[in-house]
Amino acid sequence: MLNPHPPTPATPFGIYVHVPFCAAKCPYCDFYSGRETSLLPAYVDAVKEELRTLERARDFADRSLFLRPLASVYFGGGTPSLLPAEALAGILRTVKETYRPQPDAEITVEVNPTMENKEAWFSSAAEAGVNRVSVGLQSAVPAERKALGRRGTAEDVKETVFAAQGAGIRNISVDLMLGIPGQTPETLRASMDFVLSLGVTHVSAYILKIEPGTVFEKRKEKLDLPDEDAVAEMYLYMCEYLKAQGMRHYEISNFCFGDAIGRHNFSYWQCGEYLGVGPAAHSFLNGRRFFYERDLAGFIAGAAPVDDGPGGDRDEVFLLTLRTDTGVCLPEFEKRFSFTLSPAFYRTVETYEAHGLVTYNAGRLCLTAQGFLLSNSIISALLAEF
Ligand code: SF4
């Protein structure tokens, strides 16, 4: 069932820019990125051109997008901090000249701690409007960093965070990873304490997945990976520990102090709309999903994105919003999609509630931390009872 409330000219949206360059490939990573930095100037020109004209995405997006409120811009990758500061500022200038950013629009850049000239780079980025930074740490423990093939040290991460803060960027997220070869609750605690000592506002923590086609997949048998139960235990420990430090666990993998949620990503979980630009970037506009191929040269040459079917239907809204701590208000959800949830659905909710996997209060259904761990199977079972 499609979303019965399509976007209006007042519906905010976000822009995602995929920066497909990395100085080296981490052995566990399957994000689209390569080392052809000689193509960086042509890539930047192509991104700016596409933002200005929407020519490549003309089958999906029209110029009415230029008039809608722009709530967030997110540079992800890849390694956006490989963009020279002037190139980043140039893209942001194009965004501001073409779209209507809200006065408080969130502008995030993912950065790698091995970046050079940190102070100057952040100062230019802040001047260009960047007000949020996401830094990849994964682990503060040297042996775990080595096992992950991460370049740089925890000290580099500290310098990066301090340089961003020194440039006036206060909204800073640090990435952690769970399930690293050799990781234990004690080493995880050391990484969390390191992050908390930096005065950041946000933590994202992802469980390591062995992705097809990665070096880790080929070496899987030789990796000293913690087993599933150990990872689950560490996840629950992390949730409790960060909560005890005053953080809000607002999405399966995301924590923040105060109201410092990642607004761009939060909008994905609310089934909000976004335009993704760059090779491998995905978009969701006017009820349709589409993406650019993982092909840098093709993107530069003007290749159009590929249709990925309709989006924003009833099931998708349910499964995305249940990832967040505000969950789904069932009466509102029924009203929005004009249907009635079945008695079997509510019986399943009761069973999960009895097992401590969901809470159901005043019509609002939320997953607990244990429920987040099993979210895929819980959500599938609930959808099956609609
Ligand atoms: S730096 Fe980030 S995007 Fe690049 S290979 Fe490593 S994990 Fe992947």
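**Exercise 1. Determine how helix 2 and helix 3 pack, and which residues make the contact.**

Solution. Helix 2 and helix 3 pack with their axes 9 Å apart, at an angle of about 10 degrees. Axes here are lines fitted to C-alpha atoms, for helices over the stretch in contact, and angles run from 0 to 180 degrees between N-to-C directions. Helix 2 is therefore roughly parallel to helix 3. On this scale, angles under 35 degrees count as roughly parallel, over 145 as roughly antiparallel, 65 to 115 as roughly perpendicular and the rest as oblique.

Next, the residues. Helix 2 contributes A85, L88, A89 and L92, and helix 3 contributes W121, S124, A125 and A128. Two residues are in contact if their C-beta atoms, placed from the backbone, lie within 7 Å. By class, this contact has 7 nonpolar, 1 polar and no charged residues. Ala, Val, Leu, Ile, Met, Phe, Trp, Tyr, Cys and Pro count as nonpolar, Asp, Glu, Lys and Arg as charged, and the others, Gly among them, as polar.

Two notes apply throughout. The model is predicted: local features need pLDDT of at least 70, side-chain atom pairs count only at pLDDT 80 or more, and totals for chains, interfaces and linings use all residues. Residues are numbered from 1 along each chain as its sequence is written. As for the elements, helices (H or I, at least four residues) and strands (E, at least two) are DSSP runs, numbered from the N terminus.

**Exercise 2. Do the same for helix 1 and helix 2.**

Solution. The axes of helix 1 (residues 40-53) and helix 2 come within 9 Å and cross at roughly 10 degrees. Helix 1 is thus roughly parallel to helix 2. On the helix 1 side the contact is made by V44, V47, K48, L51 and R52, and on the helix 2 side by A87, G90, I91, T94, V95 and T98. Sorted by class, the contact of helix 1 with helix 2 has 6 nonpolar, 3 polar and 2 charged residues.

**Exercise 3. Find the buried residues of helix 3 and say where they lie.**

Solution. In helix 3 (residues 118-128), the buried residues are K118, W121, F122 and A125. They lie on the same side of helix 3, because they cover an arc of only 90 degrees around the axis. The arc is that of the directions from the helix axis to the C-beta atoms. A residue is buried if 20 or more other C-beta atoms lie within 10 Å of its own, exposed if 12 or fewer, and partly exposed in between; C-beta atoms are placed from the backbone. An α-helix has 3.6 residues a turn, so residues three or four places apart point the same way.

What do these residues pack against? The partners are helix 2 (85-98), strand 3 (100-111) and helix 5 (154-166). Just after helix 3, G129 has a positive phi of about 115 degrees.

**Exercise 4. Work out the sheet that contains strand 15.**

Solution. The sheet is open, has 3 strands in the order 13-15-14, and its pairing is antiparallel. Strand 13 and strand 14 are the edge strands, each pairing on one side only. Two strands pair if DSSP finds at least two bridges between them.

Step one: strand 13 (residues 328-329) is joined to strand 15 by 2 bridges, and C329 stands opposite R364. Step two: strand 14 (residues 358-361) pairs with strand 15 over 4 bridges, with V358 opposite L367.

Step three: the side chains of strand 15 (residues 364-367) alternate. L365 and L367 point to one face and are buried, whereas R364 and C366 point to the other and are not.

Step four: the hairpin of strand 14 and strand 15 has 2 residues between the strands, and there A362 takes a positive phi near 45 degrees. A362 is exposed, because it has 7 C-beta neighbours inside 10 Å. Finally, helix 13 (residues 343-354) lies across strand 14 and strand 15, at about 120 degrees to strand 14.

**Exercise 5. Decide whether strand 12 is buried or in the open.**

Solution. Strand 12 (residues 306-310) has 5 residues and the number buried is 0, so the strand lies largely in the open. V306 is in strand 12 and counts as exposed, because it has 11 C-beta neighbours inside 10 Å. Leaving aside neighbours within four places in sequence, V306 is in contact with F290, F291 and E293. Strand 12 pairs with strand 11 (residues 288-291) in the antiparallel sense over 3 bridges, and P310 is the bridge partner of R288.
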